[in-house]
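Got your viewer open? Let's take a short walk through this model, one selection at a time.

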There are 2 protein chains.
Amino acid sequence: MQNPTLKERNKISEDLLKRHKLKITSPRLRVLSTISEKETATSQPELEKILGDTVDRVTLYRVLNVFEEKGILHKILDLNGTATYALCSEYCPEHIHQEEHVHFTCSSCNSIYCLNDVQIPEIVTPLGFKIQSVAINAVGTCNKCP
Amino acid sequence: MQNPTLKERNKISEDLLKRHKLKITSPRLRVLSTISEKETATSQPELEKILGDTVDRVTLYRVLNVFEEKGILHKILDLNGTATYALCSEYCPEHIHQEEHVHFTCSSCNSIYCLNDVQIPEIVTPLGFKIQSVAINAVGTCNKCP
DNA sequence: TTAAGTGCAAAATCTTTGCAAATGT
DNA sequence: ACATTTGCAAAGATTTTGCACTTAA
């Protein structure tokens with residue numbers, strides 16, 4: 001199931017909304033469609049620009065918040081602290097439920113990739129520090145940039 | 001040189017400013033003093049609250065920016081994307097010039113620690129992804145929280 | 001039908017900019 | 001003395017809130 005068509009993506013999005021008991025509305029479908037179109041994470045300003053007049057800015061805030069709460073999207077802060085969103089992995093065709101994964105930020109094109117296949121290494125902390133989760137962001141140049 | 005007194009901290013701060021060819025001013029000393037008092041990183045809102053009327057909010061923005069540019073402070077974004085600042089390691093008594101280090105965020109007290117002694121593991125990225133730096137933030141409970 | 005979701009207006013924050021006055025060297 | 005730095009005012013940007021209207025189920 002590579003490169004699903006718009007119709008296929010919409011079907012998947014509708015299922016996703018149903019599964020989380022959210023109503024199927026135009027703003028939500030547009031947001032999901034936009035985000036799932038790209039391989040890399042999508043920043044909120046980017047979404048605003050793409051969606052333009054079709055989705056109100058306030059609605060976008062609210063849609064992104066519900067999606068994050070429900071675990072449909074996860075938020076990544078880019079190097080400037082800008083909120084950037086990517087689909088959670090349960091949405092992936094492979095159904096890998098690996099919420100923790102390494103992010104890769106390309107300093108050339110600013111894209112953020114979720115590297116689901118990269119192993120998260122063990123971090124050894126000082127005595128008394130108990131780790132619940134580890135966020136790793138590798139910065140460099142991606143495979144599309146020279 | 002543990003727990004330096006206020007006077008000692010001010011001396012260190014003045015040297016630090018001189019070394020970076022910055023004028024020694026009251027706002028700059030206050031900011032450095034406040035940040036160096038704590039073991040953990042200090043958020044900008046926290047600084048605003050502590051400095052109160054003694055330093056203008058706009059001045060604080062500018063002071064933090066120069067300090068970051070000059071490599072006196074480094075900025076860490078906390079889990080909410082709030083800018084949080086810690087002294088760069090050259091400032092440490094040991095003179096370890098290790099700019100990359102693991103951060104630890106306590107989800108209980110929200111403190112951010114710079115773990116200079118924790119080894120940064122190797123991250124193996126997919127073909128074509130070239131890593132320049134790796135940011136690691138471990139989230140959990142610190143040694144002061146239950 | 002009706003609870004949930006949206007859009008608009010407006011408030012509350014956060015961040016930047018311009019400029020005159022103050023200050024460190 | 002003079003370039004830097006500060007503080008204030010004001011603009012710009014971002015995020016949140018309240019409420020009436022719309023829409024999916």
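Start by colouring chain A and chain B differently. Keep in mind as you go that this is a predicted model. How many salt bridges are there between chain B and chain A? Zero! Polar contacts do turn up, though: 12 residue pairs, with both partners at pLDDT 80 or more, are in polar contact between chain B and chain A.

**Stop 1: the side of chain B that touches chain A**

Select strand 4 (102-106), strand 5 (112-115) and strand 6 (130-141) of chain B. Each of these supplies at least two residues of the side that touches chain A. Which strand gives the most? That's strand 6 of chain B, with 12 residues. Now colour this side of chain B by residue class: you should get 20 nonpolar, 11 polar and two charged residues.

Next, widen the selection to both chains. Here 33 residues of chain B are in contact with 33 residues of chain A. Show the surface, too: the two chains bury about 2,400 Å² between them, and 64% of that is on carbon and sulfur atoms.

**Stop 2: two strands side by side**

Hide everything except strand 6 (residues 130-141) of chain A and strand 6 of chain B. Do they run parallel or antiparallel? Antiparallel, and 11 bridges join them. For one pair to zoom in on, pick A:Ala135, whose bridge partner in strand 6 of chain B is B:Asn137.

**Stop 3: over to the DNA**

Bring DNA strand D back into view, along with the 17 residues around it. The ones that come nearest are A:Tyr61, B:Thr25, B:Arg28, B:Thr59 and B:Arg62. What part of the DNA do you meet here? Of the atoms of DNA strand D that come within 4 Å of the protein, 66% belong to sugar and phosphate.

Now highlight the helices. Helix 4 (57-70) of chain A, helix 2 (26-37) of chain B and helix 4 (57-69) of chain B each supply at least two residues of the surface near DNA strand D. Colour that surface by class and you'll find seven nonpolar, three polar and seven charged residues.

**Stop 4: phosphate oxygens**

Finish by zooming in on some phosphate oxygens of DNA strand D:

- B:Thr25 puts a polar side-chain atom 2.8 Å from a phosphate oxygen of DNA strand D.
- A:Ile24 has a backbone N or O atom 3.3 Å from a phosphate oxygen of DNA strand D.
- B:Asp56 has a polar backbone atom 3.4 Å from a phosphate oxygen of DNA strand D.

Key: Residues are numbered from 1 along each chain as its sequence is written. Chains are lettered from A and ligands numbered from 1 in the order in which they are written. This is a predicted model: local features need pLDDT of at least 70, side-chain atom pairs count only at pLDDT 80 or more; totals for chains, interfaces and linings use all residues. Side-chain values use heavy atoms; hydrogens and water are left out. Contact means heavy atoms within 4.5 Å. Buried area is the accessible area (1.4 Å probe) that two parts lose on being put together, summed over both. A salt bridge is a side-chain nitrogen of Lys or Arg within 4 Å of a carboxyl oxygen of Asp or Glu. A polar contact is a pair of N or O atoms within 3.5 Å; within protein, one must be able to donate a hydrogen and the other to accept it, and residues adjacent in sequence count only if both atoms are side-chain atoms. Helices (H or I, at least four residues) and strands (E, at least two) are DSSP runs, numbered from the N terminus. Ala, Val, Leu, Ile, Met, Phe, Trp, Tyr, Cys and Pro count as nonpolar, Asp, Glu, Lys and Arg as charged, and the others, Gly among them, as polar. Two strands pair if DSSP finds at least two bridges between them. A residue is near a molecule or strand if one of its heavy atoms lies within 4 Å of it.
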